[in-house]
2 protein chains.
Amino acid sequence: MRHKRGLVIVMSGFSGAGKGTIVKHLFETYPDNYFLSISATTRNPRPGEQDGREYFFKTKEEFESMIEQKELLEYANFNDNYYGTPKAYVEKLVNEGKDVILEIEVQGALQVREIFPEALLLFVTPPSADALEKRLVGRGTETADVVAQRLAISARESHLMNKYDYLIVNDTVEDSVKEVHGIIQSEHFRTVRNEEAIKKIQEELKVFAKGDN
Amino acid sequence: MRHKRGLVIVMSGFSGAGKGTIVKHLFETYPDNYFLSISATTRNPRPGEQDGREYFFKTKEEFESMIEQKELLEYANFNDNYYGTPKAYVEKLVNEGKDVILEIEVQGALQVREIFPEALLLFVTPPSADALEKRLVGRGTETADVVAQRLAISARESHLMNKYDYLIVNDTVEDSVKEVHGIIQSEHFRTVRNEEAIKKIQEELKVFAKGDN
């Protein structure tokens with residue numbers, strides 16, 4: 001039996017760990033199970049992009065008001081533009097029973113935990129630092145300097161791994177996708193997520209209780 | 001990737017909830033995955049029973065010394081005989097990387113949590129109190145008085161459901177077995193169970209760290 005509220009699942013981990021690929025395959029393999037959150041941003045829409053589809057497009061003032069009102073699960077600033085996850089939209093999906101996947105960087109992931117404590121935090125890592133370096137170099141899109149910088153950030157982020165709920169050692173995408181799916185499905189059976197079902201059976205059993213209850 | 005230490009899984013729940021059947025099918029479906037603990041008891045061996053196979057047979061003095069030395073994960077007294085789970089045997093299996101299933105009553109299950117905090121506690125319940133009553137009556141082996149007594153105990157035990165980690169609403173055995181298997185497999189990926197893997201990658205990444213590390 002499944003409880004009715006959806007889960008918020010934060011996929012995070014080292015840059016180059018393959019979390020984007022895992023999320024992509026997760027949606028392809030289980031298209032009816034998972035939903036992506038839509039981010040808010042202050043960058044300009046590109047041709048063909050629609051407000052509420054690719055992004056929620058906001059002015060700088062609107063975005064900063066959202067920060068102030070704590071309407072964002074997490075946010076960051078890249079190249080002078082804000083990007084963030086609107087809490088209201090995620091809440092809406094979760095209340096509809098949908099499992100929402102957020103793919104975000106490590107700092108953002110830990111912000112989500114503060115605002116949304118029941119969120120599930122998954123950390124994706126390659127099997128070794130060596131494998132991580134090979135993947136970053138192998139992309140061929142980054143200079144040696146950028147690769148070194150990413151690895152330095154990973155070294156720093158590795159000290160936050162213990163703050164996550166689950167560790168996905170991404171050896172093959174197929175295995176990782178199965179693991180992530182299994183973890184999310186199993187989390188639905190946690191007693192803390194099934195308080196209604198527990199209350200229901202407690203109520204029903206009351207008629208059988210002896211005086212000691 | 002799997003961590004090396006096995007898990008202790010406590011299957012518990014209402015009398016008549018079907019936990020014995022779930023455990024039986026779990027072993028049949030995944031014979032290589034799970035191991036049963038062997039209980040200690042003070043009752044006399046029956047013909048064909050071997051010490052260390054069906055039970056560890058103990059004298060009353062030996063058993064009470066085990067209680068005193070906290071060598072039991074849980075114990076109870078039925079019909080003037082002690083029954084309990086020896087901690088050393090469970091530790092041995094777990095250290096060999098084996099997932100050990102304990103099928104025990106509610107009070108015993110919560111004793112295990114105290115002595116073995118990392119144990120996984122699963123509570124099995126039928127979908128409703130009505131279904132529970134039907135199953136107890138349907139067995140045809142119990143008098144109406146015994147059924148009433150069991151239901152009264154269930155009413156009392158229902159207030160301890162929140163102390164468990166996971167809730168299995170046992171509608172069909174097949175689904176329940178899949179759920180239990182999925183939960184156990186997923187729990188292996190918890191960061192708290194993978195501290196060695198985390199330390200390994202932290203160590204490896206140190207060479208890439210900048211001065212701020």
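**Helix packing, fold and chain pairing in a predicted two-chain model**

α1(B) and α7(B) sit roughly perpendicular to each other, because the angle between them falls in the 65 to 115 degree range. The model is a predicted one, and in it helix α1 (residues 19-29) of chain B packs against α7(B) at about 70°, the two axes lying 9 Å apart. As for handedness, the crossing of α1(B) and α7(B) is right-handed. On the α1(B) side, the contact is made by B:Thr21, B:Ile22, B:His25, B:Leu26 and B:Thr29. From α7(B) come B:Val173, B:Ser176, B:Val177, B:Val180 and B:His181. Sorted by type, the residues joining α1(B) to α7(B) split into five nonpolar and five polar, with no charged ones.

Stepping back to the whole chain, the secondary structure of chain A adds up to eight helices and nine strands. The C-alpha trace of chain A spans about 75 × 45 × 30 Å along its principal axes. Chain A has 213 residues, and 38% of them are buried. Sequence-distant pairings figure heavily here: among contacts in chain A with a separation of 6 or more, 70% are between residues 24 or more positions apart.

Helix α4 of chain A, residues 106-115, gives a closer look at the buried part of the chain. Within α4(A), the buried residues are A:Val106, A:Gly108, A:Ala109, A:Gln111 and A:Val112. What lies over them? The cover on the buried residues of α4(A) includes four strands of chain A, namely β1 (8-13), β5 (72-78), β7 (99-103) and β8 (120-125), along with the helix α6 (144-157).

Now for the pairing of the chains. A turn of 180° and a shift of 0.0 Å along the axis lay chain B on chain A with an RMSD of 0.0 Å. The two copies are thus related as by a two-fold rotation axis. Both copies use the same surface, with 100% of the contact residues of chain B recurring in chain A. The residue of chain B that comes closest to the rotation axis is B:Gly182, its C-alpha lying 3.1 Å away.

In the contact itself, 43 residues come from chain A and 42 residues from chain B. On chain B, the side touching chain A draws at least two residues from each of β8 (120-125), α6 (144-157), β9 (166-169), α7 (173-187) and α8 (195-205). Of these, α8(B) gives the largest share, six residues. By type, the side of chain B that touches chain A is made up of 20 nonpolar, 13 polar and nine charged residues.

Finally, a couple of backbone oddities turn up in loops. A:Asn79 isn't a glycine, yet has a positive phi of about 45°. The loop holding A:Asn79 runs between β5 and β6 (81-86) of chain A. Is A:Asn79 buried or exposed? A:Asn79 counts as exposed, since just 6 C-beta neighbours fall inside 10 Å and the cut-off for exposed is 12 or fewer. In chain B, B:Lys70 likewise isn't a glycine but has a positive phi, of about 55°. B:Lys70 is placed in the loop between α2 (60-68) and β5 (72-78) of chain B. With 10 other C-beta atoms within 10 Å, B:Lys70 is exposed by that cut-off too.

Notes:
Residues numbered from 1 in each chain as written. Chains lettered and ligands numbered in written order. Predicted model: local features only at pLDDT ≥ 70, side-chain atom pairs only at ≥ 80, totals over all residues. Buried ≥ 20, exposed ≤ 12 C-beta atoms within 10 Å, placed from the backbone. Contact = placed C-beta atoms within 7 Å. Nonpolar A, V, L, I, M, F, W, Y, C, P; charged D, E, K, R; others polar. Least-squares fit on C-alpha atoms with pLDDT ≥ 70 in both. Axes fitted to C-alpha atoms, helices over the stretch in contact; angles between N-to-C directions. Parallel < 35°, antiparallel > 145°, perpendicular 65-115°, else oblique. Left-handed = near helix turned anticlockwise from the far one by under 90°.
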